[in-house]
Amino acid sequence: MSGGLMALLDDVAALARVTAASVDDIGAAAGRASMKAAGVVVDDTAVTPQYVQDVSPARELPIIWRITKGSLRNKLIFILPVILLLSQFAPWLLTPILMLGGSYLCFEGAEKIWSKVSGHGAKTKTPVVEKGKNAEDTMVGGAVRTDLILSAEIMVISLNEVADEPLLSRAAILLVVAIGITVLVYGVVALIIRMDDFGLHLAGRSSPTVQKIGHGLVKGMPGLLAVISVVGTAAMLWVGGHIILVGLDELGWHAPYEAVHHVEVLVHDAVPGGLGAALAWLTNTFFSAVLGLVWGAVLVLVWELLPFGKGGHGAEHAAHGGHDAQGEHHGKHSPAASSAAASSGEDSAGPTGSSDPTPPADGGSTAAR
């Protein structure tokens, strides 16, 4: 009896080890797949805060939660089953689909640079969001539709990294990627949209040191959003260009990939150790970004020449606020407002200590509220 029990325990232990190894493999594969989707993830993180501009602070986190649920629904119900079926029964479609997604990233990145350089849309303003449940539902619906495009890119890019895995492993890995990236993106977004509220709260404290930290958080919001926008644009060009580079090679045009790979190997061999590997990666990243910029510029030119394309994409950016306008408009609390709140104490809240329920005309400063 004891021998049989020990044998059973050994089998259970072996099964546990196999299961743990499988979980580790799935986690590692999900991590690799997520890294390839970095450009879209950063862009998703940069674009989402615009949807809660000029919204009551009490509704900011509920709106982000509604968008988060919509994003999970996009990934798990609509996108994941479709791409798993394609990968199982029509894997030859994945490279063209991936290249279409890469072209979209290159187009977006090049279009942002063109808008910045040319001044078209440099003064894009985010419209004041109307109050009321219907307006909120409309705004959340638009955010979820935009997320559908970005989520599709994330999932297809991730799938391409695990295309050789068995079907169930692919499904498990992509499930982890879908949930993990959604939590990451919208968790960071929630922190971003609350950063200036927290900074303003600290600015009203009695400690001078805490006040300085609060003022720093408030002043840093526009800069943070500007950095996110720049990094997002660069990441889109890099990821999109790399997708095009590898896709062209898989479709039979080997020259661009081989040229970049040759330079990458030369850099790696010229510098010993880990530094050589890092420089080789940067070399590949640089040429991928250049290809992404050129590819995207051609697409922007074609789009501008088309009768239905001219100005259409700019109108979409105007409707969504545009990344470049976020650094200027997302900061609900200006440094001057935080200083006023810190110096006036309870005066801004009125004699009863409650905030004025009427939103101010300047877009909803928490200092005024």
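## A tour of helix packing, one aromatic pair and model confidence

Begin by selecting helix 7 (residues 208-250) together with helix 8, whose axes come within 7 Å and cross at roughly 120 degrees. With an angle over 115 degrees but not over 145, helix 7 is oblique to helix 8. Keep in mind throughout that this is a predicted model. Now show the side chains where the two helices touch: Leu 245, Val 246 and Asp 249 belong to helix 7, and they meet Pro 256, Tyr 257 and Val 260 of helix 8. Sorted by class, this contact holds 5 nonpolar residues and 1 charged residue, with no polar ones.

Before leaving this part of the model, colour the chain by pLDDT and look again at helix 8 (residues 255-270), which has the highest mean value among the elements of the protein, at 93.

Next, select helix 5 (residues 133-161) and helix 6 (residues 167-203), which pack at an angle of about 135 degrees with their axes 10 Å apart. That angle makes helix 5 oblique to helix 6, and the crossing of the two is right-handed. To see what fills the contact, display Asp 147, Ile 154, Met 155, Ser 158 and Leu 159 on the helix 5 side, and Arg 170, Leu 174, Val 177, Ala 178, Ile 181 and Tyr 186 on the helix 6 side. The residues of this contact divide into 8 nonpolar, 1 polar and 2 charged.

From helix packing, turn to the aromatic rings, for which the count comes to 3 pairs. One of them can be found by selecting Phe 107 and Trp 303, whose ring centres lie 6.1 Å apart and whose planes stand at 70 degrees, so the pair is edge-to-face. Widening the selection shows Phe 107 in helix 4 (residues 94-118) and Trp 303 in helix 9 (residues 273-305), so the pair ties together parts that are 196 residues apart in sequence.

Finally, return to the confidence colouring and consider the chain as a whole: the protein averages a pLDDT of 75, and 66% of the residues score at least 70. Select residues 313-331, over which pLDDT stays under 50, and for which the model nevertheless has 49 contacts beyond four places in sequence. Helix 11 (residues 326-329) has the lowest mean pLDDT among the elements of the protein, at 45. The last selection is residues 333-369, where pLDDT again stays under 50 and the model has 46 contacts beyond four places in sequence.

Definitions and conventions. Residues numbered from 1 in each chain as written. Predicted model: local features only at pLDDT ≥ 70, side-chain atom pairs only at ≥ 80, totals over all residues. Heavy atoms only, no water. Axes fitted to C-alpha atoms, helices over the stretch in contact; angles between N-to-C directions. Helix = DSSP H or I, 4+ residues; strand = E, 2+ residues; numbered from the N terminus. Parallel < 35°, antiparallel > 145°, perpendicular 65-115°, else oblique. Left-handed = near helix turned anticlockwise from the far one by under 90°. Contact = heavy atoms within 4.5 Å. Nonpolar A, V, L, I, M, F, W, Y, C, P; charged D, E, K, R; others polar. pLDDT = per-residue confidence, 0-100. Phe/Tyr/Trp six-rings, centres within 6.5 Å; stacked < 30°, edge-to-face > 60°.
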